[in-house]
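Reader: Could you walk me through this one before I set anything up? I'd like the cut-offs spelled out as we go.

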Amino acid sequence: MKIVVRIKLVPDTAAKVVVEDGQVTWGDAPLVINPWDEFAVEAALQLTEQHGGEVIALSVGEESSREALKHALAMGCNEAILVSDYVIDPDTQRTAKVLAAAVEKIGDVDLVIFGKQSIDGDNAVTGTQTARNLGWPSLTLVSAVPALDVDAKTIRIERAVEEGRQVVDGVLPAVLSIVKDYGEPRYPSFIGIRKASKAEIPVWSLEDLGIELPNVVVSWSEIMNPPQREVTNEIVQGDSVEETAAALADKLFAEKVL
Amino acid sequence: MDFNLSEEHLGVQKMVREFTQKEIAPVIKEYDRKQEMPSFILPRMAELGILGINIPVRYGGQGFDYITLGLVCEELEAMDSTLRVIMSVHMGLNSMAILQWGTEEQKQKFLVPQAKGEKVACFGLTEPGVGTDVAGMSSTAKKDGDDWVLNGEKMWISLATKADHALVVMLTNPDAKDSHDRLTAFIVEMDSKGVTTGDIHGKLGVRAGSTGWIAFQDVRVPDANRLGEEGEGFRIAMSCLDNGRYTVGAGATGLIRASLDASVNYAHQREAFGREIGKFQLVQQKIAYMVQSYEMARLLYLRAGWMKNQGVRNTRETSIAKWFATDASFQAASEAIQVHGAYGYSDEYDVERYLRNSKGAVIYEGTSEVHQLMQAGYALGYRKDGPLRKELPAYDAEFWQEEK
């Protein structure tokens, strides 16, 4: 079985994202592997541990994305590939086209696994858009894979949905997006860290993939910081507990809190 | 000169940091209060490979260098000294001694399971009546056929009640002219008949750790478990300290970092006179000293680690790294409490634990006073390190990482 996991480099969760001159920036905050993608890697590794096969980490982005790919390698992925001459923009349909072309170039892929979403854009649609480009089923919010038969090309998944758990049967090849319930991501192993530090990561261009990017259809017309909230403190006092409570209640009514 | 850490170093550092923050941070205060070692710690560190980090892969370890060991210790003690103490005794004082002095049979029998974390190791030198004056010990080993018979007691032994193997130093030849020739080192399996152990409670710090005593009553140890030559025990013990002190120095560096980070966070949060307290110069001074201490301690232990990698004798450099970092960590933790004010005096914040934990390392593995005497001795030309029969092997990446 061949599994591709999509890996994205994102600003650290502790980074303060602000708008400066109409552009989103997180200053010099460190960049890390998208935390949701770690769950995707965990799912892929568990599936190959159970059913055999290999896991290829795939990233589309700048050279710095190597760091996220190396993290995936250290966790146990067999290979990593970077498509680097396309800078991700908010238009996820373009990213999805690049990812789909890379999956086709890798060839014989049974599953493409995404994290539920990435913590920068929070769109949670790139996986499904990639599936659409590949013409494969998209199975989202997967919390477990109770059955998988690579030869028969069938898969059964459990989806974590608001109403509870939904069991869905599908066919391979397919695109999955993984939620936290799948299992806590493992730490990189020491042997994995060594392997990752020595790994050569091939870099593909759009030309290598034989595609041209479609025009941008989604763009951010105007971005601004949310207005700052004015917070003031006031201590409500009275001669007795009852008086204090009554004064507090009056104020809450006046502010339309109650 | 290259001050960069390698990708491998950074990867290990990040992984160990993640482990401590995810798995130890949520429970450490509770266990510190209970004066109990969390039962999951040793098996988890074994499973992750931390217990064999710098032992060659062929001996069951992970094949990283000595600098990595220092970085691991810094990360562990930045969370809690308990974790670093495990590495000091299991790795620094015991496993590395077997790597340095052990026969191939001893490496296969003891080092391999220790590096894999299947067996836990400790080190017994100190006695109820003997600390710094090592050569004055009274625990004995007497030859009886192909065995040695051990009697006596070792005290202040980390992991005494948890360990499967102990490396102990015993008096074997009280009549030797040179007091340094009186001792011999042995590897003792802790389930041997006549070995009893217990934990010591009521310690100032490292309360989530296991510190205890080991008593030997007519314990028979085969001669095959003798580490090094008869009469070589003192020199072996001192070489163990070169490695133990390295882990202590690197760990104390982590404790300085923890004090610094806690102080910086608090200085930003807490306000006084309408400003965050970080704006006050006397708070800044405390933080500046912590930064200075951290940078110096780090450079000193990394130099010692680099020398170990090169296979260069580093007794002097390790001593100064340990002396400086432990004194500085005590100072940094104390000042961190001062930055936190009254809150620092309670266990709501971590800094009071840092101070309690920091004091032990100023005493064990050579008191600060011993290190001062050593450094003065080197400077005055009174002290010189002679060659050892077996030196700690230099780090050879190929040999270390090869399966066999």
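Author: Let me begin with a definition: a salt bridge here is a side-chain nitrogen of Lys or Arg within 4 Å of a carboxyl oxygen of Asp or Glu. By that rule, there are three salt bridges between chain A and chain B. This is a predicted model, in which local features need pLDDT of at least 70 and side-chain atom pairs count only at pLDDT 80 or more, while totals for chains, interfaces and linings use all residues. Residues are numbered from 1 along each chain as its sequence is written, chains are lettered from A and ligands numbered from 1 in the order in which they are written, and side-chain values use heavy atoms, with hydrogens and water left out.

Reader: Which residue of chain B does A:Glu184 form a salt bridge with?

Author: The partner is B:Lys22, and the closest N and O atoms of this salt bridge are 3.4 Å apart.

Reader: And how many residues of each chain are in contact?

Author: Taking contact as heavy atoms within 4.5 Å, 13 residues of chain A touch 21 residues of chain B. The area buried between the two chains, meaning the accessible area (1.4 Å probe) that two parts lose on being put together, summed over both, is about 1400 Å², with 58% of it on carbon and sulfur atoms. On the chain A side, A:Tyr187, A:Phe190 and A:Arg194 lose the most area to chain B, and together they account for 58% of what that side buries.

Reader: What about polar contacts across that interface, how many residue pairs?

Author: There are seven residue pairs in polar contact, both residues being at pLDDT 80 or more. A polar contact is a pair of N or O atoms within 3.5 Å; within protein, one must be able to donate a hydrogen and the other to accept it, and residues adjacent in sequence count only if both atoms are side-chain atoms. As for elements, helix H2 (66–75) and helix H5 (190–198) of chain A each give two or more residues to the side that touches chain B, and H5(A) gives the most, with seven residues. Helices (H or I, at least four residues) and strands (E, at least two) are DSSP runs, numbered from the N terminus.

Reader: Switching topic: is A:Thr92 buried or exposed?

Author: A:Thr92 counts as buried because its relative accessibility is 11%, where buried means under 20% relative accessible area, exposed over 50%, and partly exposed in between (1.4 Å probe, protein chains only). A:Thr92 lies in helix H3 (residues 92–106) of chain A, and its side chain makes a polar contact of 2.6 Å with that of A:Gln129. Apart from neighbours within four places in sequence, A:Thr92 is in contact with A:Asn123, A:Val125, A:Thr126 and A:Gln129.

Reader: Now chain B: what does the domain assignment give?

Author: It gives domain 1 (7–120), domain 2 (123–233) and domain 3 (235–381 + 391–399); such bounds come from an automatic or database domain assignment. The C-alpha centres of domain 1 and domain 3 of chain B lie 19 Å apart, and their contact takes 35 residues from domain 1 and 43 residues from domain 3.

Reader: What is the area buried between domain 1 and domain 3 of chain B, and how many salt bridges?

Author: The buried area is about 3100 Å², of which carbon and sulfur atoms give 53%. Seven salt bridges are counted between these two domains of chain B. Elsewhere in the count of polar contacts, domain 1 and domain 3 of chain B have 21 residue pairs, both at pLDDT 80 or more.
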